[in-house]
Amino acid sequence: MAEYLRPSSLEEAAGMIAAHGSTLAIVAGGTSAMRFAVPYVAYAMGVRGLGMNEIERSSGGLSLGAGVTMRQIRDSLPIPALQDAARGVGGPALQNMATIGGNIFAHPPNGDVATVLLAMDATVTFFTTNGERTQKLEEFYDSGAQADGLLTRIDCAAPGGELVFLKCGRQRFNSRTVISVAACIGLDNGKVGNACIAVGGAGAHPMRCAAAEQALIGRALDDAAITAAGDEAARASSPGTDAVASEWYRRRMVATYLCRALRQIAAG
Amino acid sequence: MASGIVSIKVNGRAEEVVTGAVTTLQDVLRNNLDYTSVKDGCSQGGCGACSVIVDGELRLSCLTPVQEVDGSEVVTLEGLNLSNSITALQQKFIEKYAAQCGFCTPGMMVAITALLDRNANPSRDEIAEALAGNICRCTGYLPIIEAVESIVAEMAGIAGD
């Protein structure tokens, strides 16, 4: 069994990560790490004691500690898309434990909250032995999702338009994710000015979908544009097959749910 | 391996556990302290049979390292019925046939207690959502939901008197 480490500061945590590398698993809420990582490593590092559970709102946007739980998102964040995503993560006990930081590292098809964060163009901040490092969540995923320190904070600007999250699941509550989609669309004189689209459960991690965004920008949010965006998102997806759904089904649901989300935005 | 002492209060009693390796709260409650209402169902957070209340919050003890509850108050089903009589909730479970094999029942009752602490008058939908993390393979859930509705109605009646 892994030795349990409890750092008392960010510096100490960063030092432990640097010292133990891939033989160390980080445990925040524990809902993912205790199952998928801790049984296979020599060291488990519990970070609950470091706090990191503050939610700060400013006119410019939102700063979320990596330890903010699904319950806190549901109770204290008036952003319906994030609340919807958090509400779909497990049952109430799991929501009291699972953190937003953990969701970013969740195994696919999990990661519904991270999918919304991508559509909000969030940044992630890591505390490393060389100090703080901030990068776009999208870049973090694109560069292989390798953390060189402790994820401490997620920041997002106020959504640049209407933000909608939809999850395809098999049951109303506590459903495994088939796929999830998040879309943030800003309309300018009836035309799409900016579009930020993300899909979850459709690849190795939640991903931005540039082709679907390009299919919308500069066009009216009508049926033709919406269908084109859905097709592009399905084409860009490379989902897996598991006991919940097949690759074939997931790919079709990406198009179906993205179109549904965009129609919801078009209807206002 | 460096070991340390974890101090917790379980159902009102102070306990100490010496541990250095990852040890789950479930393991400590069930195997060290003999609180056998804490069931070992799936060991991966999927079934809710190990649900306990930590500092007033519902948690899955199978995914909680005991080191993370150092200094906390833990309540198991045993702690909800210290007089060892039949509680009002247990009576409703009997009346509505809400327990069959009984394996999920402790987790269900702990989850229901956590729900009613947050919301004394939940709707049927809110009850279903609050129990969504607890799996029962016998009852089909309806008798359990009806038992909760029944105790909510009874509590409202008492409050209204």
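Here a biologist asks how the terms used for this predicted model are earned, and a modeller answers.

Biologist: What should I know before I look at the numbers?

Modeller: It's a predicted model, so local features need pLDDT of at least 70 and side-chain atom pairs count only at pLDDT 80 or more, while totals for chains, interfaces and linings use all residues. Residues are numbered from 1 along each chain as its sequence is written, and chains are lettered from A, with ligands numbered from 1, in the order in which they are written.

Biologist: What makes β1 and β3 of chain A a pair?

Modeller: Strands are DSSP runs of E with at least two residues, numbered from the N terminus, and helices are runs of H or I with at least four. Two strands pair if DSSP finds at least two bridges between them. Strand β1 (residues 3-5) and strand β3 (residues 43-46) of chain A share 3 bridges and run parallel, so they pass the test. One example is A:E3, which stands opposite A:Y43. Strand β2 (residues 24-27) of chain A also joins β3(A), through 4 bridges and again parallel, with A:A25 partnered by A:A44.

Biologist: Why are β4 and β7 of chain A called edge strands?

Modeller: Picture an open sheet of 5 strands in the order β4-β5-β8-β6-β7 (chain A), with antiparallel pairing. Both β4 (55-58) and β7 (131-136) pair on one side only, so they are the edges. The twist from one strand to the next averages 20°. As for β7(A), 6 bridges tie it to β6 (residues 123-128), and A:V124 faces A:Q135 there.

Biologist: How do you know which way helix α1 of chain A runs against β8?

Modeller: Axes are lines fitted to C-alpha atoms, for helices over the stretch in contact, and angles go from 0 to 180 degrees between N-to-C directions. Helix α1 (residues 10-20) lies across β6 and β8 (150-157) of chain A, at about 115° to β8(A).

Biologist: What makes two residues count as a contact between domains 2 and 3 of chain A?

Modeller: Their C-beta atoms, placed from the backbone, must lie within 7 Å. The domain bounds come from an automatic or database domain assignment, which gives domain 1 (3-49), domain 2 (52-157) and domain 3 (162-267). The C-alpha centres of domains 2 and 3 of chain A are 20 Å apart, and the contact takes 21 residues from domain 2 and 27 residues from domain 3. On the domain 2 side, α7(A) brings the largest share, 6 residues.

Biologist: Why is helix α1 of chain B called mostly covered?

Modeller: A residue is buried if 20 or more other C-beta atoms lie within 10 Å of its own, exposed if 12 or fewer, and partly exposed in between. In α1 (residues 25-32) of chain B, 6 of its 8 residues are buried, so the label fits. Among them are B:L25, B:V28 and B:L29. The buried residues of α1(B) pack against β1 (4-10), β2 (13-19) and β3 (51-54) of chain B.

Biologist: And what makes a nonpolar core?

Modeller: It's a set of buried Ala, Val, Leu, Ile, Met, Phe, Trp, Tyr and Cys residues joined through C-beta atoms within 7 Å. The largest one has 141 residues, and A:A119 is one of those with the most contacts inside it. Helix α11 (residues 247-267) of chain A gives the most to this core, 9 residues. Leaving aside residues up to four places away in sequence, A:A119 touches several residues, including A:L163, A:A183 and A:I197.
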